[in-house]
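Here are a few friendly notes to read alongside the structure. They begin with the overall layout and then turn to two residues.

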Amino acid sequence: MSEPSIIKGIPRPLVRTNQAFIVISVLLSLFTGAYWILALPLAAGLSGLLFGYNPVIKVAANFLTKERSAYVLEDWEQQQFNQSIAVFCLTAGLVSFLAGWTVAAYIFTIMVAVAATVAILGFCIGCFIHYQWRMYTYRRKQAALHK
């Protein structure tokens, strides 16, 4: 028997911790010029996507004071989608810094920091994009059925 989908949920404080880690890492890298700092959230995000193990979330889980089910749980699939966007932007930012493409680097890193900050404040840009994409594919399938 498969596990209930609620177990796949990620407690909101852990998601917010990961988002804060991204924001702090981007700000530190931009203010110090130590662009290698971007590799930290990038590595954590890649690990989460490829292996289902995000070290930032795992460490933060040790500080939860209640049972997982007592927290608002974020959808695991949605968080994977959001993390893939963050990984893309962090990769593009880090590669751009290494290649000397400063404008592109700032665009990608600031974009991921703004998205994570806005998510912490309550509006998930990645969720909005994911929803719009799903609606687009649904409408396209519906149109194909009615031809």
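1. Following the sequence from start to end, you will meet the pattern β-α-α-α-β-α-α-α. That makes six helices and two strands in the protein. Please keep in mind that this is a predicted model.

2. A word on overall dimensions: the C-alpha trace spans about 50 × 50 × 30 Å along its principal axes. The accessible surface of the protein comes to about 9500 Å², and carbon and sulfur atoms contribute 69% of that surface. Of the 147 residues, 36% count as buried.

3. How are the contacts spread along the sequence? Among contacts with a separation of 6 or more, 72% are between residues 24 or more positions apart.

4. On charge, the protein carries 11 positive and 5 negative side chains. The centres of these two sets lie 10 Å apart.

5. The UniProt record, an unreviewed entry, lists residues 20-38, 44-64, 85-104 and 110-131 under "transmembrane region". It is worth comparing two of these spans with the model. Residues 20-38 are 68% helix and 0% strand, with their end C-alpha atoms 13 Å apart. Residues 44-64 are 71% helix and 0% strand, and here the end C-alpha atoms are 19 Å apart.

6. Now have a look at N82, which sits in helix α4, residues 76-99. Is N82 buried or exposed? Its relative accessibility is 14%, so N82 counts as buried, the cut-off being under 20%. Leaving aside residues up to four places away in sequence, N82 touches C124, G126 and C127.

7. T91 is also found in helix α4, and its setting can be read in the same way. Because its relative accessibility is 30%, T91 counts as partly exposed; that class lies between the buried limit of 20% and the exposed limit of 50%.

8. Which backbone atom lies 2.7 Å from a polar atom of the T91 side chain? The partner is the backbone oxygen of V87. For a view across the chain, try T91 and R16: they are 75 residues apart along the chain, and their C-alpha atoms are separated by 21 Å.

9. To pull the residue notes together: helix α4 holds N82, which is buried, and T91, which is partly exposed. When you return to the viewer, you could start from N82 and find C124, G126 and C127, then move to T91 and look for the backbone oxygen of V87.

Terms used. Residues numbered from 1 in each chain as written. Predicted model: local features only at pLDDT ≥ 70, side-chain atom pairs only at ≥ 80, totals over all residues. Heavy atoms only, no water. UniProt positions renumbered as here; feature names shortened; annotations may be inferred. Helix = DSSP H or I, 4+ residues; strand = E, 2+ residues; numbered from the N terminus. Buried < 20%, exposed > 50% of the residue type's maximum accessible area, 1.4 Å probe, protein only. Contact = heavy atoms within 4.5 Å. Areas by Shrake-Rupley, 256 points an atom, 1.4 Å probe, with all protein chains shown as cover. Lys, Arg positive; Asp, Glu negative; His and termini not counted. Charge placed at Lys NZ, Arg CZ, Asp CG, Glu CD. Polar contact = N/O pair within 3.5 Å; in protein donor to acceptor, adjacent residues only side chain to side chain.
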